[in-house]
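Please find below a few notes on this model, set out point by point.

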Amino acid sequence: MSKSATAGRTEKGQFGPGNPGRPRGARHKTTLAIEALLDGDAEAITKKAIALAKKGDSTALRLCIERIIPARRGRPMSLPDMPKLTSVGDVPGVVAFIMQSVAEGDITADEAGDLTAIVDRYVKAVEATEHEARLKALEERLAR
C-alpha cells in the first residue's frame, strides 16, 4: 500500500478513531474515470445496444431487458389456508403447514426459509415481551 493509502489507518488496515473513511455518497475513482470516458457517448452507446438487441444480439437483448425489467427480489405469496399465528402455541402448526406447502410444491424451499425466519422473529418478539412482563412482575413483588 502507498503512504496515502495507509494514512489514518490502524495496523490492521482499519480506519482509526475519528476517521470515517470515504464520505457517504462518494464514488470510486474507477467509476468516475469510466463516467468521464462515457461522457457525451452514453446516448449513442444506449442506442447502439438497442439496435443490436433489435437485430437479435442476445447479449444486447439481455442487457436491455435487465434495465427495463429488473430482476425481482421475492414475490408475494398467497397461502390462504395458512393457520393464524396468534400465540407461540400456534408455531408448530404454522411450521408444519409451511413444510407441507414445500412438499406439495406450493412454495420453494427458499420461500419456506423466509417464512420460517419470520415465524422465528415472531417467537423471539413474544418471548422478549413475556420475559419483560415477568421481570416487571418480579421487580414489583420484590419492591413490596
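1. In this predicted model, L61, I65, I68 and I69 form a nonpolar patch of about 400 Å² on the surface. One of these residues, I65, belongs to helix α4, which covers residues 58-68. I65 has a relative accessible area of 40% and is therefore classed as partly exposed, since that class lies between the buried limit of under 20% and the exposed limit of over 50%.

2. The loop between α4 and α5 contains R75. Its relative accessibility is 44%, so R75 also falls in the partly exposed class.

3. Which residues does R75 contact, once neighbours within four places in sequence are left aside? They are D106 and E111. R75 and E111 are 36 residues apart along the chain, and their C-alpha atoms are separated by 9.1 Å. Contact here means heavy atoms within 4.5 Å.

4. E111 is also part of helix α6, where it is buried together with A112, L115, V119, V123 and V126. The buried residues of α6 pack against α5 (91-103). As background, residues three or four places apart in an α-helix point the same way, because there are 3.6 residues a turn.

5. Helix α6 takes in residues 109-143, 35 residues in total. What span should α6 have at 1.5 Å a residue? The expected value is 51 Å, and the end C-alpha atoms are 50 Å apart, so the two agree.

Notes. Residues are numbered from 1 along each chain as its sequence is written. This is a predicted model: local features need pLDDT of at least 70, side-chain atom pairs count only at pLDDT 80 or more; totals for chains, interfaces and linings use all residues. Side-chain values use heavy atoms; hydrogens and water are left out. Patches are made of residues with over 30% relative accessible area and no salt bridge: like charges are joined within 9 Å, nonpolar side chains (Val, Leu, Ile, Met, Phe, Trp, Tyr) within 5 Å. Accessible areas come from the Shrake-Rupley method with a 1.4 Å probe; for residues, only the protein chains shown count as cover. A salt bridge is a side-chain nitrogen of Lys or Arg within 4 Å of a carboxyl oxygen of Asp or Glu. Helices (H or I, at least four residues) and strands (E, at least two) are DSSP runs, numbered from the N terminus. Buried means under 20% relative accessible area, exposed over 50%, partly exposed in between (1.4 Å probe, protein chains only). The expected span of a helix is 1.5 Å times one less than its number of residues.
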